[in-house]
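Visitor: I should like to learn how helix packing, cavities and unusual backbone geometry are read from a model. Could we take them in turn?

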Amino acid sequence: MPAAKSSSAPSPMMEQFLSIKAEAGDDALLFFRMGDFFELFFDDAVRAAAALDIALTKRGQHEGREIPMCGVPAHSAEGYLARLIAKGFRVAIADQVESPAEARKRGSKSVVKREIVRVVTPGTLTEESLLDARSANYLAAYAEAAGEAALAWCDMSAGGFHTAPVTAAALPAELARLNPAELILREGTEIAGNWPLSPLPKPNFDSSRGEAALKARFEIGALDGLGDFTRAEIAAAGALLAYLEATQMAAVPRLRAPQRQLPGGFMRIDAATRGSLELSRTAKGTRAGSLTACLDATVTAPGARQLSADLAAPLTDATEIAARLDLVAAFHAGGEVRERLRTALKEVPDLERALGRIAAGRGHPRDLGLIRDGLTRADQIRAHLKRATLMGPPPMLADLLATIGPHGELTGLLHAALVPEPGMNANEGGFIAEGYDHTLDEHRSLAKDARRHIAALEAEYRAQTGVEKLRIKHNNVLGYFIEVAPKHADGMMAADSTFAHRQTLANAVRFNSEQLAGLATRIAQAQGQALALEAKHFADLNAAVLTHAESIEATASALARIDVSAALSELAAQRGWVRPAVDDSHAFTITRGRHPVVEAAMKSGQFVANDCALERDGFVWLVTGPNMAGKSTFLRQNALIAVMAQAGSFVPADAAHIGVIDRLFSRVGASDNLAEGRSTFMVEMVETAAILNQATDRSLVILDEVGRGTSTYDGLSIAWAVLEAVHDGLRARCLFASHYHELTALEPRLDALRLATVRVREWKGDLVFLHEVTEGAADKSYGLAVARLAGLPGDTTARAAEVLAALEDTRDATGGIAAGLTELPLFAAAEPRAEVKDALREKLADTRPDELSPRAALDLIYELKRLAD
Ligand code: ADP
């Protein structure tokens, strides 16, 4: 920065920098545009240089101190931004908003005008290089108003905008589902979880202000037309809009009008469950190895994002689920249609994000090309699917096809206007096709002619001067010039020479000539005019695309849904999955189920399929068996099958019948860890408490070795009590794995408890895992056999066997650690209420509604009320 070398008053540029920096605030780094670079100064420079591992230099002085500085080239700024955002920085971009020439017009000393044009934050990215193509990037806002709470969220890169009321209990699960890149909330609000937070001052959450902002943005007189929003939802949506305006300045992206998502529409899955089932990430944090990755056979990026969203939020409405399954089934049966469809889909670019960039004013000519190609393909796909004969045909497909195009008018325009492969940089021109605009063609051919003339001039000058190696060259500083070696320079500088000297370098001397200057001016003018024309066409074409934004979005989301269905049917065909029956019963019957991820990692045929039937008279299964037998795998596969089925996928089983699950819980007991034993056990208990507080009789609960993280007595007691609570209190379908054999003593006392075990066989002292789930309890724990298998030295296992024998003797004498438990009275099952319920039930069962007169119906209600009281 050319700040004053002697300290005293700051230079005008420094003054400008300081005022813009004050505006950007301390929590954002300021990228200050200077020519071809973005420069950072002071503390920003120190932090950025360390984060980016680039050179920190010094330039000039401010208040007697040298100014630290670093910079990145503007043309490669995106890559640096990506790294800074990934490290949790926010970056304010101050760009030059006028050219140096314009500044000079205001006076020779004027500083080029600069303004913050955007604040880059994790939730407001639209650039391809900064985003993961296969997952959504949500900006979310949380607000409380009128005693209620709500979330609003949008994916700026793709345009979707949603709100949902949310209770304190459901908030963590909702956030875990959305996995926001950035969460806006009121300053001072505490929220559980490790989300990147952007606190805003209170006035941003004012619901009347939010209402006004929503009305203005979506140009509507009243919000009722969009839905019956709560004050909290309006406050959250308003805060989100305010934040977009503050960070995106003029270029606030296009958003679709907010859609409400009502609680209950999705299977609720909390963060702990998502983690333990590895739905979208594995325990190590990678996508590879997760259920989503295993099921992702989509061929487009929007399809991949739709699949992630589907698996993150399985449906709870049996009719909606069936509609998705119908489509998968149709593609499953129509192999040829599917194959052609998938080949065509592969060629469809990411329409949503191209449109997102154009809407945010950050589009490239290439994005126009993507829209053109995407819509053209979409029209072809629609035609292909309209012609295809598909089983059903599924009503959902007809609805989807109706929202695709036609876009003949727009694609016609883009085909005519653009070259086949438009580039990334609008300023360089060259993206408008020949023949689209005659004036542009003329300017271009003028420039081309002049360039041809220059080539001829070179030959002419060589002949004239006799200098064989004379060259006419071009660079950005001098423009066109004539270059010769120094030994030929004297001749060219003779008094009568037509060449004017411009520059002497060590190994070259450069000249100009009137003729050359004339041609150069012609080229510059023609090019300038051509560029101006292209810029105008670029703006017009962007505007034309935006007038079709809604139907492009609809097309993109229809294609995404079709991609997901075709991909799931492809997997179903390859891996032998079946269509699940999903209804409103309490059934959970899986015949020969498999674990989709574990099976995919094995050679075909190696995975042992297992049945699971959580019937009303046996809805809790206690699964025992030694370590490594396959208990966890069995538990998880059933939970995953439920997620897949309700997300609308076929499932890895021979048959599946599932009554809609409202909430899914999965917990894995903390493994003993001396260093963090206490805290992990604490976490385990907190998570288990959440189940007991939130599960309903429509939920599915998976408990794997709960209580493992503490002493045997504690652990067994907790496992025992939890099992009773799930069985008697919640009456939720449940799979409970434990290595506490003592728990099997509960079987005669809990009528809907069934015992299952994963079979193993000891063979010549070795343990053989059969991975077969059968009725009954494990006959012993096989801990020593597993230890031997793991390579524990022979003398140690022999000694362990002696200890075990001694312990077992005492156990048999005293009744073991579970002694006395069988005398324990049952967990509070509300028996008197059960009687009332039965009287009511009997009365209702005897009623024939069709035969009741209105008078008799009224009497019946009185009677029922009396029974209930
Ligand atoms: P546990 O929970 O009983 O300790 P796991 O479920 O972790 O056992 O399974 C142990 C190993 O056995 C897994 O790594 C898996 O590869 C294998 N396995 C589990 N279930 C099956 C199955 N049904 N078929 C084939 N292999 C299985």
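The dialogue below takes helix packing, then cavities, then the backbone.

Guide: This is a predicted model, in which local features need pLDDT of at least 70 and side-chain atom pairs count only at pLDDT 80 or more, while totals for chains, interfaces and linings use all residues. Residues are numbered from 1 along each chain as its sequence is written, and side-chain values use heavy atoms, with hydrogens and water left out.

Visitor: At what angle do the axes of H14 and H16 cross?

Guide: Helices (H or I, at least four residues) and strands (E, at least two) are DSSP runs, numbered from the N terminus. Axes are lines fitted to C-alpha atoms, for helices over the stretch in contact, and angles run from 0 to 180 degrees between N-to-C directions. Here the axes of H14 (residues 365–387) and H16 (residues 408–417) cross at roughly 135 degrees and come within 9 Å.

Visitor: How is such an angle put into words?

Guide: Angles under 35 degrees count as roughly parallel, over 145 as roughly antiparallel, 65 to 115 as roughly perpendicular and the rest as oblique. H14 and H16 are therefore oblique to each other. A crossing is left-handed if the near helix is turned anticlockwise from the far one by less than a right angle, and right-handed if clockwise; that of H14 and H16 is left-handed.

Visitor: Which residues of H14 and H16 meet?

Guide: Contact means heavy atoms within 4.5 Å. From H14, Leu368, Ile371, Arg372, Leu375, Thr376 and Asp379 meet Gly408, Leu410, Thr411, Leu414 and His415 of H16. Ala, Val, Leu, Ile, Met, Phe, Trp, Tyr, Cys and Pro count as nonpolar, Asp, Glu, Lys and Arg as charged, and the others, Gly among them, as polar. The contact of H14 with H16 thus classed has 5 nonpolar, 4 polar and 2 charged residues.

Visitor: How are H16 and H19 oriented to each other?

Guide: The axes of H16 and H19 (residues 514–547) cross at roughly 160 degrees and come within 11 Å, so these helices are roughly antiparallel to each other. Leu410, Leu413, Leu414 and Ala417 of H16 make the contact with Leu541, Ala544 and Val545 of H19. By class, this contact has 7 nonpolar, no polar and no charged residues.

Visitor: What is the angle between H11 and H15?

Guide: H11 (residues 318–333) and H15 pack at about 90 degrees, with axes 8 Å apart, which makes H11 roughly perpendicular to H15.

Visitor: How many cavities does the structure hold?

Guide: Rolling a probe the size of a water molecule over the atoms shows where empty space is left. On a 1 Å grid over the protein atoms alone, a cavity is a set of points where a 1.4 Å probe fits but cannot get out; lining residues have an atom within 4 Å of a point. Grid points are joined across faces, edges and corners, and a volume is the space filled by probe spheres set on the points. The structure holds 3 cavities of 30 Å³ or more, and the largest has a volume of about 70 Å³. H20 (residues 549–575) supplies the largest share of its lining, 4 residues.

Visitor: Which peptide bonds are cis?

Guide: Most peptide bonds are trans. The bond from glycine 392 to proline 393 is cis, with omega near -20 degrees, and proline 393 lies in the loop between H14 and H15 (395–403). Another cis bond joins glycine 405 and proline 406, with omega about -5 degrees.

Conventions:
1 Å grid on protein atoms, 1.4 Å probe; cavity = no way out; pocket = protein on both sides within 12 Å on 5 of 7 lines; lining within 4 Å.
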